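Student: I am new to this structure and should like to understand how it is put together. May we go through it step by step?

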Amino acid sequence: MPLSKWKAVLAAAVGTTAIAGTAYAADIPSWQQFEASTYTDPTGVRIVNGDEPVDSTGELRQFYDSLTSTPKQGKKLEEGLIVNTVNGADDKWSASQVGNLTYCVSDKFGADKAGIVAAMNGGAALWENASSAIDFVYVPSQDSSCSTRNNNVLFSVEPVSTSQYIARSFFPSTPKRSRNVLVDDSIFTSGSWTPSNILGHELGHTLGFRHEHTRPEAGTCFEDNNWRPLTPYDSVSIMHYPQCNGGSDNLQFSSYDAQGVRALYGS
Ligand SMILES: [Zn+2]
(Lines give C-alpha, C1' and ligand atoms only; values in the text may rest on other atoms or scores of the structure.)
Protein backbone atom coordinates (compact mmCIF):
# COMPACT_ATOMS: atom_id res chain seq x y z
CA MET A 1 0.00 0.00 0.00
CA PRO A 2 1.59 3.25 -1.09
CA LEU A 3 -0.06 5.23 1.66
CA SER A 4 0.74 2.85 4.46
CA LYS A 5 3.43 5.07 5.87
CA TRP A 6 1.15 8.08 5.85
CA LYS A 7 -1.47 6.01 7.57
CA ALA A 8 1.16 5.24 10.16
CA VAL A 9 1.87 8.95 10.34
CA LEU A 10 -1.76 9.60 10.96
CA ALA A 11 -1.95 6.86 13.51
CA ALA A 12 0.85 8.68 15.29
CA ALA A 13 -1.12 11.89 15.07
CA VAL A 14 -4.42 10.29 16.01
CA GLY A 15 -3.46 10.47 19.65
CA THR A 16 -3.61 14.21 19.31
CA THR A 17 -6.55 14.19 16.91
CA ALA A 18 -8.63 12.20 19.32
CA ILE A 19 -7.94 14.69 22.06
CA ALA A 20 -9.63 17.45 20.15
CA GLY A 21 -12.14 15.23 18.39
CA THR A 22 -15.14 13.25 19.46
CA ALA A 23 -14.05 11.56 22.65
CA TYR A 24 -13.02 14.89 23.99
CA ALA A 25 -13.53 14.88 27.70
CA ALA A 26 -12.87 11.24 28.45
CA ASP A 27 -9.71 10.71 26.43
CA ILE A 28 -7.54 13.64 27.38
CA PRO A 29 -4.14 12.32 28.40
CA SER A 30 -2.19 14.05 31.09
CA TRP A 31 0.65 16.30 29.98
CA GLN A 32 3.09 13.63 31.17
CA GLN A 33 1.34 10.92 29.13
CA PHE A 34 1.19 13.19 26.11
CA GLU A 35 4.84 14.17 26.31
CA ALA A 36 5.92 10.55 26.75
CA SER A 37 3.86 9.43 23.75
CA THR A 38 5.09 12.10 21.35
CA TYR A 39 7.30 10.72 18.64
CA THR A 40 10.92 11.93 18.67
CA ASP A 41 12.63 11.63 15.31
CA PRO A 42 16.25 10.52 14.85
CA THR A 43 17.49 14.12 15.05
CA GLY A 44 15.92 14.56 18.48
CA VAL A 45 13.05 16.73 17.25
CA ARG A 46 9.55 15.88 18.44
CA ILE A 47 6.83 15.57 15.79
CA VAL A 48 3.16 16.48 16.00
CA ASN A 49 0.36 16.42 13.42
CA GLY A 50 2.19 13.79 11.36
CA ASP A 51 5.07 15.84 10.00
CA GLU A 52 5.34 19.08 11.93
CA PRO A 53 8.23 19.62 14.36
CA VAL A 54 8.06 21.31 17.70
CA ASP A 55 11.25 22.93 18.79
CA SER A 56 11.22 22.72 22.56
CA THR A 57 9.41 21.27 25.53
CA GLY A 58 7.78 24.68 26.01
CA GLU A 59 6.46 24.62 22.48
CA LEU A 60 5.20 21.06 22.91
CA ARG A 61 3.41 22.17 26.08
CA GLN A 62 1.81 25.04 24.14
CA PHE A 63 0.69 22.53 21.55
CA TYR A 64 -0.76 20.27 24.25
CA ASP A 65 -2.54 23.20 25.86
CA SER A 66 -4.01 24.28 22.53
CA LEU A 67 -5.38 20.78 21.97
CA THR A 68 -6.85 20.38 25.41
CA SER A 69 -8.36 23.83 25.78
CA THR A 70 -12.05 24.28 24.99
CA PRO A 71 -12.52 24.15 21.21
CA LYS A 72 -13.90 27.26 19.59
CA GLN A 73 -17.42 26.50 18.43
CA GLY A 74 -19.42 28.02 15.61
CA LYS A 75 -16.46 29.74 14.01
CA LYS A 76 -17.63 31.06 10.65
CA LEU A 77 -15.49 30.40 7.63
CA GLU A 78 -16.29 32.72 4.73
CA GLU A 79 -13.29 32.05 2.90
CA GLY A 80 -8.32 25.45 0.54
CA LEU A 81 -5.40 27.05 1.86
CA ILE A 82 -4.89 28.16 5.47
CA VAL A 83 -1.93 29.93 6.99
CA ASN A 84 -0.46 29.04 10.37
CA THR A 85 -0.89 31.70 13.03
CA VAL A 86 1.27 32.38 16.08
CA ASN A 87 -0.47 34.40 18.78
CA GLY A 88 -3.03 35.39 16.17
CA ALA A 89 -0.54 36.75 13.61
CA ASP A 90 0.17 35.13 10.23
CA ASP A 91 3.27 32.89 10.30
CA LYS A 92 4.88 34.06 7.05
CA TRP A 93 8.12 35.30 5.53
CA SER A 94 8.82 38.94 4.74
CA ALA A 95 8.51 39.98 1.10
CA SER A 96 12.29 40.10 0.68
CA GLN A 97 12.92 36.76 2.42
CA VAL A 98 10.26 34.84 0.50
CA GLY A 99 11.99 35.90 -2.72
CA ASN A 100 15.25 34.29 -1.57
CA LEU A 101 14.54 31.01 0.26
CA THR A 102 17.99 29.45 0.04
CA TYR A 103 18.62 25.77 0.74
CA CYS A 104 21.20 23.04 0.34
CA VAL A 105 20.68 19.32 -0.31
CA SER A 106 22.99 17.17 1.79
CA ASP A 107 25.63 15.04 0.10
CA LYS A 108 24.60 12.41 2.67
CA PHE A 109 21.75 11.45 0.33
CA GLY A 110 24.41 9.65 -1.71
CA ALA A 111 22.93 7.88 -4.71
CA ASP A 112 19.51 9.38 -3.89
CA LYS A 113 20.74 12.97 -4.04
CA ALA A 114 19.97 13.67 -7.70
CA GLY A 115 16.43 12.46 -7.18
CA ILE A 116 15.99 14.68 -4.12
CA VAL A 117 17.40 17.71 -5.96
CA ALA A 118 14.94 17.10 -8.79
CA ALA A 119 12.01 16.61 -6.41
CA MET A 120 12.88 19.82 -4.54
CA ASN A 121 12.97 21.67 -7.86
CA GLY A 122 9.62 20.19 -8.80
CA GLY A 123 8.00 20.89 -5.44
CA ALA A 124 9.34 24.45 -5.31
CA ALA A 125 8.13 25.14 -8.85
CA LEU A 126 4.53 24.42 -7.82
CA TRP A 127 4.55 27.43 -5.48
CA GLU A 128 6.90 29.58 -7.56
CA ASN A 129 4.74 29.22 -10.66
CA ALA A 130 1.71 30.36 -8.68
CA SER A 131 3.35 33.44 -7.14
CA SER A 132 6.22 35.42 -8.63
CA ALA A 133 7.00 36.67 -5.11
CA ILE A 134 8.34 33.21 -4.17
CA ASP A 135 11.78 31.97 -5.06
CA PHE A 136 13.36 28.84 -3.56
CA VAL A 137 17.09 29.06 -4.36
CA TYR A 138 19.20 25.90 -4.40
CA VAL A 139 22.81 26.56 -3.28
CA PRO A 140 24.78 23.40 -4.22
CA SER A 141 28.07 24.86 -2.96
CA GLN A 142 26.75 24.24 0.60
CA ASP A 143 25.80 20.58 0.05
CA SER A 144 28.94 19.20 1.67
CA SER A 145 28.09 20.90 5.00
CA CYS A 146 24.33 20.90 4.70
CA SER A 147 22.84 21.05 8.20
CA THR A 148 20.84 23.42 10.42
CA ARG A 149 24.19 24.84 11.55
CA ASN A 150 25.05 26.12 8.05
CA ASN A 151 24.29 29.84 8.14
CA ASN A 152 24.96 30.30 4.42
CA VAL A 153 21.50 28.91 3.67
CA LEU A 154 18.05 29.52 5.16
CA PHE A 155 17.38 25.80 5.53
CA SER A 156 18.86 22.39 4.83
CA VAL A 157 17.42 19.28 3.18
CA GLU A 158 18.77 16.17 4.89
CA PRO A 159 18.20 12.42 4.86
CA VAL A 160 16.56 10.63 7.77
CA SER A 161 15.75 7.00 8.37
CA THR A 162 12.40 6.57 10.06
CA SER A 163 9.21 4.56 9.75
CA GLN A 164 7.13 7.44 11.13
CA TYR A 165 6.94 9.73 8.11
CA ILE A 166 8.11 10.17 4.53
CA ALA A 167 9.26 13.72 5.08
CA ARG A 168 8.79 16.58 7.51
CA SER A 169 9.59 20.25 7.44
CA PHE A 170 9.12 23.49 9.43
CA PHE A 171 7.21 26.78 9.54
CA PRO A 172 8.56 30.31 8.97
CA SER A 173 8.50 30.87 12.74
CA THR A 174 10.73 27.83 13.37
CA PRO A 175 14.15 28.93 14.67
CA LYS A 176 17.17 28.33 12.44
CA ARG A 177 18.47 25.49 14.63
CA SER A 178 15.44 23.36 13.66
CA ARG A 179 14.91 24.62 10.15
CA ASN A 180 15.38 21.57 7.94
CA VAL A 181 13.42 19.32 5.63
CA LEU A 182 14.06 15.67 6.52
CA VAL A 183 13.38 13.03 3.88
CA ASP A 184 13.17 9.23 4.24
CA ASP A 185 14.05 7.16 1.18
CA SER A 186 10.48 5.83 1.05
CA ILE A 187 9.75 9.06 -0.85
CA PHE A 188 10.78 7.14 -3.97
CA THR A 189 8.32 4.30 -3.40
CA SER A 190 5.17 6.16 -2.39
CA GLY A 191 2.97 5.17 -5.31
CA SER A 192 0.70 7.87 -6.67
CA TRP A 193 2.40 10.45 -4.48
CA THR A 194 5.31 11.68 -6.56
CA PRO A 195 8.49 12.87 -4.83
CA SER A 196 7.83 16.36 -6.24
CA ASN A 197 4.32 16.50 -4.79
CA ILE A 198 5.49 15.18 -1.42
CA LEU A 199 8.19 17.84 -1.21
CA GLY A 200 5.71 20.37 -2.57
CA HIS A 201 3.55 19.57 0.48
CA GLU A 202 6.54 19.99 2.80
CA LEU A 203 7.54 23.27 1.13
CA GLY A 204 3.95 24.41 1.67
CA HIS A 205 4.63 24.12 5.41
CA THR A 206 7.87 26.08 4.99
CA LEU A 207 5.78 28.90 3.47
CA GLY A 208 3.44 28.84 6.47
CA PHE A 209 0.59 26.66 5.23
CA ARG A 210 -1.16 24.23 7.56
CA HIS A 211 -2.82 20.91 6.89
CA GLU A 212 -6.05 21.70 5.08
CA HIS A 213 -7.77 18.80 6.87
CA THR A 214 -7.68 20.63 10.20
CA ARG A 215 -10.62 22.66 8.86
CA PRO A 216 -13.98 21.53 10.24
CA GLU A 217 -15.30 20.67 6.76
CA ALA A 218 -12.94 17.68 6.61
CA GLY A 219 -14.83 16.13 9.50
CA THR A 220 -11.72 14.32 10.74
CA CYS A 221 -8.02 14.80 11.49
CA PHE A 222 -8.60 18.04 13.41
CA GLU A 223 -5.36 19.55 14.72
CA ASP A 224 -6.04 22.97 16.25
CA ASN A 225 -7.51 26.40 15.50
CA ASN A 226 -4.26 28.33 15.12
CA TRP A 227 -4.72 29.25 11.47
CA ARG A 228 -6.48 31.72 9.18
CA PRO A 229 -8.33 30.72 5.99
CA LEU A 230 -7.11 32.13 2.69
CA THR A 231 -9.54 30.34 0.36
CA PRO A 232 -12.69 28.22 0.61
CA TYR A 233 -12.17 24.70 1.99
CA ASP A 234 -10.36 22.56 -0.58
CA SER A 235 -10.47 18.78 -0.18
CA VAL A 236 -7.97 18.37 -3.05
CA SER A 237 -5.35 20.80 -1.70
CA ILE A 238 -1.74 19.61 -1.71
CA MET A 239 -1.90 20.36 2.03
CA HIS A 240 -4.82 17.91 2.60
CA TYR A 241 -3.91 14.33 3.52
CA PRO A 242 -5.90 12.15 1.08
CA GLN A 243 -6.79 9.72 3.88
CA CYS A 244 -8.44 12.50 5.91
CA ASN A 245 -11.58 12.54 3.74
CA GLY A 246 -9.53 14.09 0.95
CA GLY A 247 -10.99 14.48 -2.53
CA SER A 248 -7.85 13.38 -4.35
CA ASP A 249 -5.38 10.58 -3.80
CA ASN A 250 -2.32 12.03 -5.48
CA LEU A 251 -1.41 15.12 -3.43
CA GLN A 252 -1.57 17.39 -6.46
CA PHE A 253 -1.26 21.17 -6.36
CA SER A 254 -4.76 22.63 -6.72
CA SER A 255 -6.18 25.84 -8.13
CA TYR A 256 -7.10 26.97 -4.59
CA ASP A 257 -3.48 26.31 -3.55
CA ALA A 258 -2.43 28.79 -6.23
CA GLN A 259 -5.12 31.25 -5.14
CA GLY A 260 -4.16 30.89 -1.48
CA VAL A 261 -0.45 31.45 -1.93
CA ARG A 262 -1.19 34.57 -3.96
CA ALA A 263 -3.53 35.80 -1.23
CA LEU A 264 -0.71 35.53 1.32
CA TYR A 265 2.35 36.59 -0.71
CA GLY A 266 0.98 38.34 -3.79
CA SER A 267 0.80 37.21 -7.40
ZN1 LIG B 1 2.29 18.03 6.36
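**Core, helix, strands and loops**

Tutor: Let us begin with the core of this predicted model. The largest nonpolar core has 53 residues, and those that touch the most other members are Tyr103, Val157, Ala167 and Val183. Elements giving two or more residues to this core include β2 (46-48), β4 (82-86), α5 (113-130) and α7 (255-265).

Student: Which element gives the largest share of this core?

Tutor: In soluble globular proteins, nonpolar side chains tend to be buried together. Among the elements that give two or more residues to the core are β6 (101-105), β8 (155-159), β10 (180-183) and α6 (195-206). The largest share, six residues, is given by α5.

Student: With which residues is valine 183 in contact, leaving aside its neighbours within four places in sequence?

Tutor: Val183 is among the core residues that touch the most other members. Once neighbours within four places in sequence are left aside, its contacts are Ile116, Val157, Pro159, Val160 and Ala167.

Student: How many residues of the chain are there, and what percentage is buried?

Tutor: The secondary structure of the chain consists of seven helices and eleven strands. Of its 267 residues, the buried ones make up 43%.

Student: What span should α5 have at 1.5 Å a residue, and what is the distance between its end C-alpha atoms?

Tutor: The expected span of a helix is 1.5 Å times one less than its number of residues. Because α5 has 18 residues, its span should be 26 Å, and this agrees with the distance between its end C-alpha atoms, 26 Å.

Student: On which residue is the kink in α5 centred?

Tutor: The buried residues of α5 are Ile116, Ala119, Met120, Gly123, Ala124, Leu126 and Trp127. They pack against β6, β7 (136-138), β8, β10, α6 and α7. The helix α5 has a kink of about 25 degrees, and its centre is alanine 124.

Student: Which residue in β11 stands opposite isoleucine 82?

Tutor: Strand β11 (residues 227-229) pairs with β4 in the antiparallel sense, over three bridges. Opposite isoleucine 82 in this pairing stands proline 229.

Student: Which residue in the turn between β4 and β5 has a positive phi?

Tutor: Strand β5 (residues 89-90) is antiparallel to β4, with two bridges between them. Valine 86 has alanine 89 in β5 as its bridge partner. The two strands form a hairpin with two residues between them, and the turn residue with a positive phi, of about 50 degrees, is asparagine 87.

Student: Is leucine 251 buried or exposed?

Tutor: Most residues other than glycine have a negative phi. Leucine 251 is not a glycine, yet it has a positive phi of about 60 degrees. This leucine lies in the loop between β11 and α7. Because leucine 251 has 25 C-beta neighbours inside 10 Å, it counts as buried.

Student: How does asparagine 245 count, and why?

Tutor: Asparagine 245 also lies in the loop between β11 and α7. Its phi is positive, near 60 degrees. Since asparagine 245 has 14 C-beta neighbours inside 10 Å, it counts as partly exposed.

Student: Which are the edge strands of the open sheet of five strands?

Tutor: The order of this sheet is β7-β6-β8-β10-β9, and its pairing is mixed. β9 and β10 run antiparallel and are joined by two bridges, with arginine 168 opposite leucine 182 in β10. The edge strands, each pairing on one side only, are β7 and β9 (167-168).

Definitions and conventions
Residues are numbered from 1 along each chain as its sequence is written. This is a predicted model: local features need pLDDT of at least 70, side-chain atom pairs count only at pLDDT 80 or more; totals for chains, interfaces and linings use all residues. Helices (H or I, at least four residues) and strands (E, at least two) are DSSP runs, numbered from the N terminus. A residue is buried if 20 or more other C-beta atoms lie within 10 Å of its own, exposed if 12 or fewer, and partly exposed in between; C-beta atoms are placed from the backbone. A nonpolar core is a set of buried Ala, Val, Leu, Ile, Met, Phe, Trp, Tyr and Cys residues joined through C-beta atoms within 7 Å. Two residues are in contact if their C-beta atoms, placed from the backbone, lie within 7 Å. The bend at a residue is the angle between axes fitted to the seven residues ending there and the seven starting there. Two strands pair if DSSP finds at least two bridges between them.
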